[in-house]
Amino acid sequence: MKNRIRQERAEHQLSQQELAEKIGVSRQTIISIETGKYTPSTELALKLSLVFDKSVNELFSLD
């Protein structure tokens, strides 16, 4: 699964740690999502969509 989390985070000028704190996960989880090693749960994907004001479909896409 591809995602735009790294790009959105940069556009919003958030560090990995700041984003992690906003959605209640560890920095390592953000790293794993950004590198594609971890596919977030529906709840986590929805939290990310709220932070970035984008739909889940805009943030994530199938390969």
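The following legends describe close-up views of a predicted model.

**Figure 1. Overall architecture of the predicted model.** The protein contains 5 helices and 2 strands, which follow one another along the sequence in the pattern β-α-α-α-α-α-β. The C-alpha trace spans about 25 × 25 × 20 Å along its principal axes. The radius of gyration is 10 Å, which agrees with the value near 11 Å for a compact globule of 63 residues. Among contacts with a separation of 6 or more, 53% are between residues 24 or more positions apart. Buried residues account for 33% of the 63 residues. The accessible surface amounts to about 4100 Å², and carbon and sulfur atoms contribute 46% of that area.

**Figure 2. Surroundings of E34 in helix α3.** E34 belongs to helix α3, which covers residues 27-34. Is E34 buried or exposed? With a relative accessibility of 9%, which falls under the 20% limit, E34 counts as buried. Leaving aside residues up to four places away in sequence, E34 touches N3, I5, R6, R9 and Q16. Two of these neighbours also meet E34 through specific interactions. The side chain of Q16 makes a polar contact of 3.0 Å with the side chain of E34. R6 forms a salt bridge with E34, in which the closest N and O atoms are 3.5 Å apart. This pair links distant parts of the chain, since R6 sits in helix α1 (residues 5-11) and E34 in helix α3, 28 residues apart. The two partners of the salt bridge fall into separate accessibility classes: R6 is partly exposed, at 44% relative accessible area, whereas E34 is buried, at 9%.

**Figure 3. Salt bridge between K54 and E8, and the associated network.** The side chains of K54 and E8 form a salt bridge with an N to O distance of 3.8 Å. K54 lies in the loop between α4 (42-52) and α5 (56-59) and E8 lies in helix α1, so the salt bridge ties together parts that are 46 residues apart in sequence. K54 is partly exposed, with a relative accessibility of 29%, while E8 is buried, with a relative accessible area of 2%. Both residues take part in a network of salt bridges that links R4, E8, E11 and K54. Across the whole structure, the search finds 6 salt bridges.

**Figure 4. Salt bridge between E43 and K47 within helix α4.** The side chains of E43 and K47 meet in a salt bridge with an N to O distance of 3.6 Å. How far apart are E43 and K47 in helix α4? The two residues are 4 residues apart, and therefore separated by about one helical turn. E43 is exposed, at 54% relative accessibility, and K47 is partly exposed, at 34%.

**Figure 5. Packing of helix α3.** Which residues of α3 are buried? I30, S32, I33 and E34 are buried in this helix. The buried residues of α3 pack against β1 (2-3), α1, α2 (16-23), α4 and β2 (60-61). I33 is one of these buried residues, and I33 touches N3, I5, Y38, P40, L44, L48 and F60 when residues up to four places away in sequence are not counted. N3 and I5 are also among the residues that E34 touches. Just after α3, G36 adopts a positive phi of about 80 degrees.

**Figure 6. The largest nonpolar core.** In soluble globular proteins, nonpolar side chains tend to be buried together. The largest nonpolar core of this model has 13 residues, of which I5, L19, I33, L48, F52, L59 and F60 touch the most other members. Helices α2, α3 and α4 each supply at least two residues of this core. The largest share comes from α4, with 4 residues. Among the core members named here, I33 touches I5, L48 and F60.

Notes:
Residues numbered from 1 in each chain as written. Predicted model: local features only at pLDDT ≥ 70, side-chain atom pairs only at ≥ 80, totals over all residues. Heavy atoms only, no water. Buried < 20%, exposed > 50% of the residue type's maximum accessible area, 1.4 Å probe, protein only. Polar contact = N/O pair within 3.5 Å; in protein donor to acceptor, adjacent residues only side chain to side chain. Contact = heavy atoms within 4.5 Å. Salt bridge = Lys/Arg side-chain N within 4 Å of Asp/Glu carboxyl O. Core = buried A, V, L, I, M, F, W, Y, C linked by side-chain atoms within 4.5 Å. Rg over C-alpha atoms; globule rule 2.2 N^0.38 Å. Areas by Shrake-Rupley, 256 points an atom, 1.4 Å probe, with all protein chains shown as cover.
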